[in-house]
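Student: Could you take me through the ligand site and the empty spaces of this structure, and explain what each term rests on?

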Amino acid sequence: MTRPPTELWEDGTGVESAPAGWTVEDTRELYRVREWSAGYFDVSPEGAMVVRPRADHGGPALSLPRIVEGLRKRGISMPVLLRFPEILNHQIGSLHREFAAAIAEYGYRGEYRGVYPIKVNQQEQVLEEVTSYGAEFRHGLEAGSKAELIAAMAYLKNPDDLLICNGYKDERFIELGLYARRIGIDCVFVVETPLEVDLILRTSTRLGIRPRVGFRVRLSSCGSGHWQDSGGDRSVFGLNTAQLMDSVDRFRAAGYLDCLNLLHFHLGSQIPNIRDIRTSLTEACRVYAGLVEEGVPMSLLDIGGGLAIDYEGAQSASSGSRNYSIREYCRDVVEVLKGEFDRAGVEPPVLISESGRATVAYYSVLLVEVLDVNRFHSGCQPAEVGPESHYLLRHSLAVSAELGPDNLQECYNDAFYYRDEIRSLFQAGALSLRERSLGERIFWQNLGRIWEHCRELDEVPESLRGLESFLADIYYGNFSLFQSLPDAWAIDQVFPVAPIDRLQEEPTRRAVLSDITCDCDGRLDRFGERGRVRRTLAVHEMRPGEPYLLGVFLVGAYQETLGDLHNLLGDTHVVSIRVGDDGDFAVEREIEGDSVADVLSVVEYDPKQVSARFRASVERAVRKGEIDAQERRAMVRAYEDTLRGYTYFET
Ligand SMILES: Cc1ncc(COP(=O)(O)O)c(C=O)c1O
């Protein structure tokens, strides 16, 4: 058995001893499957990643390799975004069950109402499923734009469904929201800026419809994490307390005080530390109680989103993690509300939350096939030089012969020195291309050997810590980071990534995952491992002729619509999978990914015209005698097939 890789974390510290024999339990621990998956994914004893749509509540488990096999038989190629509607259903249920349990436990007298913020994943299927599964719990929607409002008005199913309208609103938006009230939707406008006050008053008076209104307040407490600027004094959204009081006075003066019912705040998405949530809740309760004291007929407290996901599997307060569970979140929220409103002697409001990420993140998995591998230090034959070779090559090769634990840094410096000297001489015309290439081979060999020595150390010297990533393989995946995982590019978000098969085997290689865009930013090089962030991913050695697939998990929130067409790689196929009790599956819905013609149309080409231009070019070549009619036919067919085909590699 090969020696397990030594751990080197993003912070460069720590070495962990490896277990004696590799088991699937080691795989679970390595990729932290239990910690990030909330019970929806696990490793089977046979070493396959499995999905369990009812999480830990029993029910069937289905292996992802089996799904891939079934999709391939149906002619559906990778990359594919899998959606598991049962997970979505289960997550909505969990949120309601946990809040109901907390409300019962603390004897809170208000009820809980959830709303789904459409912005988190606007796809039609998601809205349809959220409103269907949510109907049992009267789960409403949150809209932040006219387009989202239009979708919400069409999809809400029950009378009195809650529709929270955040975001900046023009007169049209307000008009539509007021009409929604007339058809029985409980639409609430959340005032985001003082400018909206007049607009709401004017439009409501013009249409003769009483609005229901809330205020978004800027709290002084703010969370930590990527989205911390969504809250706090300098947040671009919401009213400070002076603007809040002024707005109350304007509603009162206009005879609309009775319409003011809701207080809203949103700390930001992905709040990793539960203490920040408690602190801001306390402040919001104080503001709510203050409004009641002012005679405002308040009845709803909307605590926004922020319920985090443990992408890193670290169970910590780091930005890609969280130091609490959904249960703890619900209990803490209700406990604070109960305590604060009891103390203030205020009638407890209906509690609304706008959890988006926690509702949909688990629901989607991106499956990526590895197309190729680029190896650096161990990918080539050991370098050899003879006595006639240039002295720089001979000296460079001698570097690793002298290597020992005490001179790692010196050898590292020498390896770079000789590489650079060889490059300079090549540039000056004093070394041949073949000599330069031998020099490069020796360089990689030296670094590989230095790194092997580093792995024996308890603490890797700081200047050598980057070696692991420098030497890592590049695994080329058939996907576009910009299309499918935009947050990994834009805000360095870590997503759980793991092979979906061979998980009973120890992954002995370290790699970064590159996509197929021609962009050096198109790569994943931050991964959660053993609860920390590491620059490379543990992967298996590829076997010739055997497909190797990686799953990127928890991609249901924010990724789909934020993705773009970099290099004109389009939407992937989307397949909705229902897992049967017999352990088999059914494809419930299939949305074909973009074709080349589709993406060209988005950037203003007319595929018919494009094709006509090409036909004209090949016809000219026939006329000039450069190709014959048969070749023309083959070329036109290849062109047209590609135009109709998938934008990703087709194997
Ligand atoms: C006003 C509002 N509500 C809810 C959400 C959803 O937050 P999350 O996905 O963290 O639940 C957001 C997103 O940032 C938001 O801006």
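The following conversation sets values against the definitions behind them.

Tutor: This is a predicted model, in which local features need pLDDT of at least 70 and side-chain atom pairs count only at pLDDT 80 or more, while totals for chains, interfaces and linings use all residues. Residues are numbered from 1 along each chain as its sequence is written, and side-chain values use heavy atoms, with hydrogens and water left out.

Student: What makes a residue one of the 17 around the ligand?

Tutor: A residue is near the ligand if one of its heavy atoms lies within 4 Å of it. Among the 17 residues around the ligand, Ser269, Glu354, Gly356, Arg357 and Tyr558 come nearest.

Student: Why is the pair formed by Tyr558 and the ligand called a polar contact?

Tutor: A polar contact is a pair of N or O atoms within 3.5 Å; within protein, one must be able to donate a hydrogen and the other to accept it, and residues adjacent in sequence count only if both atoms are side-chain atoms. An N or O atom in the side chain of Tyr558 is 2.6 Å from an oxygen atom of the ligand, so the pair meets the cut-off. Polar side-chain atoms of His266, at 3.0 Å, and of Lys119, at 3.3 Å, also lie at such distances from an oxygen atom of the ligand.

Student: How much of the ligand does the protein cover?

Tutor: By the Shrake-Rupley method with a 1.4 Å probe, the ligand has 400 Å² of accessible area on its own, and the protein covers 93% of this area.

Student: How do you know which pocket the ligand sits in?

Tutor: On a 1 Å grid over the protein atoms alone, a pocket is an open set of points with protein on both sides within 12 Å along at least five of seven lines, whereas a cavity is a set where a 1.4 Å probe fits but cannot get out; lining residues have an atom within 4 Å of a point. A molecule sits in a pocket if more than half of its atoms lie within 2 Å of its grid points, and the ligand therefore counts as sitting in the second largest pocket. That pocket has a volume of about 430 Å³, and its lining of 23 residues has Lys119, Glu142, Arg216, His266 and Tyr558 nearest the centre.

Student: What lines the largest cavity?

Tutor: The lining of the largest cavity, which holds about 70 Å³ of space, includes Phe265, Leu267, Ile271 and Tyr329.

Conventions:
Grid points are joined across faces, edges and corners, and a volume is the space filled by probe spheres set on the points.
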